[in-house]
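Student: Could we go through this model together? I would like to start with one loop and work outward from there.

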Amino acid sequence: AGKFYQYAPTETSQATLASVSPVFAVMKFDKEGNTTYFEKKKTELYQELGLQARDLRFQHVMSIATRNNRIIMRMEFLKAVITPEFLLILDYRNVSLEHWLLHELASQLAGEGQLVTYSLPFEFRAIEAILQYWISKLQGRLNTLQPQILEILEALVDPKLLSVDRSKLHILLQNGKSLSELETDVKVFKETILEILDEEEVIEELCLSKWTDPQVFEESTSGIDHAEEMELLLENYYRQAEDLLNEARELRVLIDDSESIIFINLDSHRNVMMRLNLQLTMGTFSVSLFGLIGVAFGMNLESSLEEDPRIFWFMTGIMFLGSGLIWRRLLSFLGRHLDPPLPPHVPAGLKKSQPAAGRVEIKTSLKGETFGLNRSTLTNQ
C-alpha cells in the first residue's frame, strides 16, 4: 500500500505536466519565402526538432547558440529556430514583429531583399535577416530619442534663462532613462556577437550546410570559405552595433555637458543675486551709520545749532556724502576680494616651447553647431 501511495501521484503528475505544456504560435518560412502558421505544444515541437526542453526555454535575454544542427536565436521578444531548410518564429504575435514578418522577412529569405547573403545557404540569409531587423530596431529607437533630447537641451541651455522649466527637465529625465536602456541593449547585442567571434568552433557550427550537404559547403565564387563569410557577416553587425553605441555615448556626453552648462548659468545668476544683496546690505549699513546724526538731533536736548536755519541742510548733506563715501569704499573692497586674480605672466620663450595641453576636443560637430559650446569652452570658463 505504501509503494502504491508513492508511485501513483508521480504518474498523475507526469500526465498533468504533459497536458499543461505551453503552446507556441509558430510561423514557418521555407527557402522560397513561403509562410505557414500553426500552433504546437512545446513537448511536440522540441521532439520534432531534435532539441531538448531547455533549448526552447526563451527568456527575455539575447543569445545565439547551436544545438543538434539547429541555430537557436533569442533576441528578447524575438525567438527563432533556424534549420538548413526552414526558419521558425515562435510567439510572433507582436505588433512591430508581425509587421516585419509579413512584409519583409519572406522576401528577404527568398533573395528579393537587400541581403548580401542571398547567394549563400539558407541559414546565412536567416541569420542576416534577424540581425538586420534587430540593429534597425535599435537604430530607430536612437533616431526617435535624438531629436527630442536635442530640442529639450536647446531650450534649456540658454544663458538668458534665470530658471529652468521643470516639465522639460522631467521629459529630459525620461529620455535619459530611455537612452540608458538603449545603451544597455546595444552593449548586450554587441557582446553576444563578440562571444561568437571569439570561438571559431561556434562559427563553424553556425554553418549548418557543412553537416547536411558538404557539397554546398565549399569555397564560394569569391574564394572565401563559408566559415569566413559567417565571420565577416557577424563582424559587419558588430561594427554597426559599435557605431550605434558611439552615437548613443556622444548623446550621453552632450547631456552631461549641457547639465554642466545649466549649473554654470544657475550659479552665475545666483552669484549676481548674492552680490546685489551684499551691495544693498552695505548701502543700508552706510546710511544707518550716518543716520545716527539725525538721531542725535532728534533728541529733546537744546543746543545753539537748532537756531541756525542752515544747519538742517548742512547736516543732511554731510549724512548723504558720508554714506556715499563709505558705500563706495565698501564696494571697492568687495571688488578687490571677489574679482579673480590675473594669470601669471608667462615668458615668450615658454609660450613657444610649451605644447598645447589641456585642450579637450569632442569629435562630434553636433554640439558646437547646436549650442556653440563644447567641453573645451566649458573648461576655459
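Tutor: Certainly. Please keep in mind that this is a predicted model. In the hairpin formed by strand 4 and strand 5, two residues lie between the strands, and Glu76 has a positive phi near 55 degrees.

Student: Why remark on the sign of phi?

Tutor: Because most residues other than glycine have a negative phi.

Student: Which residue in the loop between strand 3 and strand 4 has a positive phi of that kind?

Tutor: Asn68 sits in the loop between strand 3 and strand 4, and its phi is positive, about 55 degrees, although Asn68 is not a glycine. Asn69 is found in that loop too; the phi of Asn69 is also positive, near 60 degrees.

Student: Is Asn69 buried, partly exposed or exposed?

Tutor: Asn69 has a relative accessible area of 23%. Buried would require a value under 20%, so Asn69 counts as partly exposed.

Student: How do strand 3 and strand 4 pair?

Tutor: They are antiparallel, with five bridges between them. Within this pairing, Met62 has Met75 of strand 4 as its bridge partner.

Student: And how many bridges join strand 4 to strand 5?

Tutor: Strand 4 (residues 71-75) and strand 5 are joined by five bridges and run antiparallel. For Arg74, the bridge partner in strand 5 is Lys79.

Student: What lies on the other side of strand 5?

Tutor: Strand 6 (residues 86-90) runs antiparallel to strand 5, and four bridges join the two. They form a hairpin with three residues between them. Ile82 has Leu87 of strand 6 as its bridge partner.

Student: Is strand 5 mostly covered or mostly open?

Tutor: Strand 5 (residues 78-82) is mostly covered, with five of its five residues buried. Leu78, Ala80 and Ile82 point one way, while Lys79 and Val81 point the other way; all are buried.

Student: What is the strand order in the whole sheet?

Tutor: The sheet is open and has six strands in the order 2-1-6-5-4-3, with antiparallel pairing. Strand 2 (35-41) and strand 3 (62-66) are the edge strands, each pairing on one side only. On average, neighbouring strands of this sheet are turned by 20 degrees against each other, direction ignored.

Student: Changing topic: what is the volume of the largest pocket?

Tutor: The volume is about 280 Å³.

Student: Which helix gives the most to the lining of the largest pocket?

Tutor: Helix 8 gives the most, with six residues. Helix 5 (166-197) and helix 8 (226-297) each supply at least two residues of the lining. The lining includes Leu169, Leu172, Lys177, Arg252, Glu259 and Phe263.

Student: How do the lining residues divide by character?

Tutor: Seven are nonpolar, two are polar and three are charged.

Student: What does the database record say about the later part of the chain?

Tutor: An unreviewed UniProt entry places a coiled-coil region at residues 227-261. In the model, this span is 100% helix and 0% strand, and its end C-alpha atoms lie 51 Å apart.

Student: Where does UniProt list a transmembrane region?

Tutor: The unreviewed entry lists residues 280-299 and 311-327 under that feature. Residues 311-327 are 100% helix and 0% strand in the model, with the end C-alpha atoms 24 Å apart.

Note on methods
Residues numbered from 1 in each chain as written. Predicted model: local features only at pLDDT ≥ 70, side-chain atom pairs only at ≥ 80, totals over all residues. Heavy atoms only, no water. UniProt positions renumbered as here; feature names shortened; annotations may be inferred. 1 Å grid on protein atoms, 1.4 Å probe; cavity = no way out; pocket = protein on both sides within 12 Å on 5 of 7 lines; lining within 4 Å. Points joined across faces, edges and corners; volume = space filled by probe spheres on them. Nonpolar A, V, L, I, M, F, W, Y, C, P; charged D, E, K, R; others polar. Buried < 20%, exposed > 50% of the residue type's maximum accessible area, 1.4 Å probe, protein only. Pairing = 2+ DSSP bridges. Axes fitted to C-alpha atoms, helices over the stretch in contact; angles between N-to-C directions.
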